[in-house]
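Reader: I would like a close look at one part of this model, with the charged pairs treated carefully.

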Amino acid sequence: MKKLFLALLLSSSLYSASLYTLDNVHSLNLYFSNQTKFLTKDQASILKEMVAEKLKKAGFVLGETDASILVVKIDAIELKGTQAVHIEVGLGEEVITKRKDKIETFAYTYLDSKLLKMDDPYKETLGSLTLLIDAFIKAHKDDNE
Amino acid sequence: MKILMTLLTLFSFIYAAQIDEFAADVHYLRNYDTAVKTAKKQNKIVMLVVVADYCPWCKKFERKTLKDSAVMTKTNESFVGIVIDKYKDKGKYPQEFSAPLIPAVFFIDPKNQKSLFETVAYMKSDEFMENMDYALNQNKSEKK
């Protein structure tokens with residue numbers, strides 16, 4: 001088991017691309033979930049807007065019917081005055097599995113996250129979310145060029 | 001009996017392992033000895049792809065690179081492709097090709113069954129085709 005984890009770790013560190021396949025993802029619906037207490041409504045709106053702008057700039061069409069869903073989820077727990085913040089970016093889609101009877105299900109076809117202890121939670125959440133969205137855009141570009 | 005055989009064949013096709021499906025899609029073999037024999041006969045290099053069913057990078061390598069039409073054409077022209085599961089096919093291929101990191105591809109001279117060249121890790125089709133060319137050149141220079 002140790003060998004397996006080591007191999008996985010080593011393998012993933014060798015690649016700059018994402019292990020997911022993002023071919024032909026052109027339209028997205030953005031689902032933004034703020035489950036923290038430290039982010040105000042305005043700050044959450046700024047974050048959502050930043051994500052939407054980055055995606056549009058990268059060529060994604062937002063808001064179309066039946067588009068894949070880009071889930072941005074932020075939650076946090078307070079630990080002795082500092083925030084441990086978990087930020088997740090995932091692409092959710094209806095997929096047909098290879099299981100018997102080709103079962104259809106909702107699945108994440110891309111997932112990346114960060115868990116960080118933050119002294120300045122808003123500023124650092126903005127920074128980390130920017131990195132996660134940039135990584136998604138880079139992975140998409142890499143698969144579609 | 002015929003009906004039973006047809007049904008069995010159908011079921012085995014429907015429930016074939018994903019590695020068998022992939023091999024059928026890209027016209028790769030699943031048996032090492034057959035691959036070596038075929039390569040000798042056709043004067044080609046064995047291209048041994050080592051993967052595992054838990055490995056997401058292997059799946060991506062299969063989907064995006066090995067199924068690429070240019071890669072498939074080049075493989076079928078100059079190589080005898082074979083795909084093995086590193087763990088599940090253990091004992092069915094020489095242990096020296098059990099790569100520590102996967103996906104791995106060994107380009108093997110069928111005459112002495114030694115690796116001419118090997119690649120490790122996922123790579124895009126254009127990069128992989130350069131590696132295929134390198135293996136072919138290695139083979140040519142070893143023959144001189």
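Reader: To set the scene with chain B, what percentage of its 144 residues count as buried? Please then go on to the salt bridges and where their partners lie.

Author: This is a predicted model, and in it 45% of the 144 residues of chain B count as buried. Chain B has six helices and four strands, and when read along the sequence these elements follow the pattern α-α-α-β-α-α-β-β-β-α. Of the contacts in chain B between residues at least 6 apart in sequence, 69% join residues at least 24 apart. The accessible surface of chain B is about 7800 Å², with 56% of that area belonging to carbon and sulfur atoms.

Turning to the charged pairs, the count over all chains comes to 15 salt bridges. One of them, in chain B, is formed by B:Lys88 and B:Asp53, whose closest N and O atoms are 2.2 Å apart. This pair links distant parts of the chain, 35 residues apart, since B:Lys88 sits in the loop between β2 (79-85) and β3 (104-109) of chain B, while B:Asp53 sits in the loop between β1 (45-51) and α4 (56-66) of chain B. B:Lys88 counts as exposed, with 56% relative accessibility, whereas B:Asp53, at 40%, counts as partly exposed.

In chain A, a salt bridge joins A:Asp134 to A:Lys54, with 2.8 Å between the closest N and O atoms. Because A:Asp134 belongs to helix α3 of chain A and A:Lys54 to helix α2 (residues 41-57) of chain A, the pair ties together parts that are 80 residues apart in sequence. A:Asp134 is partly exposed, its relative accessible area being 32%, and A:Lys54 likewise counts as partly exposed, at 24% relative accessibility.

Also in chain A, the side chains of A:Lys100 and A:Asp101 meet in a salt bridge with an N to O distance of 3.7 Å. Here A:Lys100 counts as exposed at 53% relative accessibility, and A:Asp101 is exposed as well, with a relative accessible area of 62%.

Beyond such pairs, a network of salt bridges links A:Asp23 and A:Asp143 with B:Lys60 and B:Lys64.

A further acidic residue can be placed by its surroundings: A:Asp120 lies in the loop between β5 (104-118) and α3 (121-144) of chain A, and with a relative accessible area of 38% A:Asp120 is partly exposed. A:Asp120 and A:Thr82, although 38 residues apart in sequence, are 8.4 Å apart in space when taken from C-alpha to C-alpha.

Key:
Residues numbered from 1 in each chain as written. Chains lettered and ligands numbered in written order. Predicted model: local features only at pLDDT ≥ 70, side-chain atom pairs only at ≥ 80, totals over all residues. Heavy atoms only, no water. Helix = DSSP H or I, 4+ residues; strand = E, 2+ residues; numbered from the N terminus. Buried < 20%, exposed > 50% of the residue type's maximum accessible area, 1.4 Å probe, protein only. Contact = heavy atoms within 4.5 Å. Areas by Shrake-Rupley, 256 points an atom, 1.4 Å probe, with all protein chains shown as cover. Salt bridge = Lys/Arg side-chain N within 4 Å of Asp/Glu carboxyl O.
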